[in-house]
Amino acid sequence: MAVNDMALREVPTNIEAEQALLGAALINNSVYEVVNRLLDPAHFSEPLHARIYEVIGQTLAAGRGANPVTLKNSLPAKVDGLKIEGQEVTVSAYLAHLCANAVTVVNAPDYAAAIFDSWVARQAISALQEGVDAYFNLAPGENPLKAFEPIEERMAAIRADALKSSPIKNAGQSYLDALSESFRRGEVRGVPIALEEIAEVISEPCFEAGNLYGLLSSSGEGKTSLTVQLILHALKIGHPVCFLSYDQSSDQVIRQMVAQEHEIEARRQRDAKLLSEKEFETCMGFARWIGAQPFEVVKCTDQSAPQLVGIARTFVKRRGNDKVPLIVVDHIGVVKPEDRRADEGTKAKGIGQILKAGAEMTDAAWLVLNQRNSFGMKRDNPRPISMDLFGGDPAKTPFDAIFYLYRFLKFLEERKAIASSDSDWKKIEKAFPSAVRSDGIDIAEIGSVKVRFGNPHIRQRLIFEARLTRYKSDRAPVEQESLEGF
């Protein structure tokens, strides 16, 4: 059963705001430019208003001024039931009336937000009613929760859209509130970062609540090991952590944690007979400790971004405490897109936008792993850049910061194995630092692909201990020669 017309007429509308805004845009076309970031024709509840707004945009895009005269030929002459003070009028007369009741450019963002918020409310009510209809149409014996899975996805998308209106409403007050809260706490509210090198690279003291962070690395380069290290650090300080993993099971994650924390290799944990009695007791003790922490590993299969947000919201409600949660997604390339036919960039950006909305809705810090595409591996210098992201450079948009993990030794050995000419060796000499070549230490470089506030060119080094799958600080400066040239 579809949502009936009466239900739609009864949901929130703001005809007065629509009229005032359209009148302002017809008098001063700059109003359209101010609100166009937020409003689409579909956001208007009155079909004629939606058409007027659409024609204003088309007229301006064609390089002409938009006013009642220039719009006349693109609109119907009459619309049934169109009245002013009880009297039926033509569309031209209605446009003139709108101009007479226009608002100023200063007020336009508030009217646009009112129109947008009414549209969000209509969408949410419609989604909920569809969920009720789906429930009553379930087959006998069918799981009732199945009826609400599509509704949950739609609601997550609606929440993501709803966040768009916040920047144009009370921006100054929002800033002051955040500033006052930070002063009161004496620190930024977020999840502490296990390695200070990462904090320096992204120019942030922690993974801040409501922010979306990305970690870029190639397959087999150790990004999951680094992620587990970040998770363990957060748990030790009492922060709830939900690991939404398409690859790792909870057993695999805990083995890595034990290796990193107690230096008992994961391969030996898999065969308990290889452990000493003391090591066995240590593993048992860690298992009891981790079982008491607000920590879950959710093994994902084909979930979409809205479904991941739904899982995270449930986790925060169930396991949340007074500390900022950390939500980890491994990895973005396997998240089911809303539109499978879209190009990779559109898919990645859409997923990122929903996960960013999820970070704000859950008041949590989100870390999303990103496996490098194959293009960067073919460069003479394979250091990661934004084009190596899933979806390329446009995929950066929703993220607050993205840092990369780059282990020189992995690529150095690959290049050395196939080098066959002096030219090949010269490229290797230029692309890789002498410190790695001389002693074989497995150096991991941390750098940024995107930072909002700070120096985007900071690079730091870590040392990867492969036996324990963990990273430790190496405060020696990165050789300048290795950072230039390519």
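These questions and answers walk through a predicted model.

Student: Is strand β6 largely enclosed or open, and how many of its residues are buried?
Tutor: Start with the two faces of β6. V241, F243 and S245 are buried on one side, and C242 and L244 are buried on the other. The strand is therefore largely enclosed by the rest of the structure, and the count of buried residues is five of five.

Student: Which residue in β7 is the bridge partner of V241?
Tutor: Strand β6 runs parallel to β7 (residues 295-299), with five bridges between them. V241 belongs to the β6 face that also holds F243 and S245. Its bridge partner in β7 is F295.

Student: And which residue of β8 stands opposite V241?
Tutor: β6 also pairs with β8 (residues 326-330). Five bridges join these two strands, and they run parallel. Opposite V241 in β8 stands L326.

Student: How far is the sulfur of C242 from the closest cysteine sulfur?
Tutor: C242 is buried, with a relative accessible area of 0%. A disulfide needs two cysteine sulfur atoms within 2.5 Å. The closest cysteine sulfur to that of C242 is in C300, too far for a bond, at 7.9 Å.

Student: How many disulfides does a search of the whole structure find?
Tutor: A disulfide is a covalent bond between the sulfur atoms of two cysteines. C242 fails on distance, because its closest cysteine sulfur is too far away for a bond. For the whole structure, the search result is zero.

Student: How many residues apart in sequence are the parts tied together by R467 and E265?
Tutor: The side chains of R467 and E265 meet in a salt bridge, 3.1 Å from N to O. R467 lies in the loop between β12 and β13, and E265 in the loop between α12 and α13, so the pair ties together parts whose separation in sequence is 202 residues.

Student: Of that pair, which residue is buried?
Tutor: The cut-off for buried is under 20% relative accessible area. R467 has 49%, so it counts as partly exposed. At 10%, the buried residue is E265.

Student: Which helices hold E279 and R268?
Tutor: These two residues form a salt bridge, with their closest N and O atoms 2.6 Å apart. The pair ties together parts 11 residues apart in sequence, because E279 and R268 lie, respectively, in α14 and α13.

Student: Is F148 buried, partly exposed or exposed?
Tutor: F148 is found in the loop between α7 and α8. With V132, Y135 and F136, it forms a nonpolar surface patch of about 410 Å² accessible area together. At 34% relative accessibility, F148 counts as partly exposed.

How values were computed:
Residues numbered from 1 in each chain as written. Predicted model: local features only at pLDDT ≥ 70, side-chain atom pairs only at ≥ 80, totals over all residues. Heavy atoms only, no water. Buried < 20%, exposed > 50% of the residue type's maximum accessible area, 1.4 Å probe, protein only. Helix = DSSP H or I, 4+ residues; strand = E, 2+ residues; numbered from the N terminus. Pairing = 2+ DSSP bridges. Patch = residues over 30% accessible without salt bridge, like charges linked within 9 Å, V, L, I, M, F, W, Y side chains within 5 Å. Areas by Shrake-Rupley, 256 points an atom, 1.4 Å probe, with all protein chains shown as cover. Salt bridge = Lys/Arg side-chain N within 4 Å of Asp/Glu carboxyl O.
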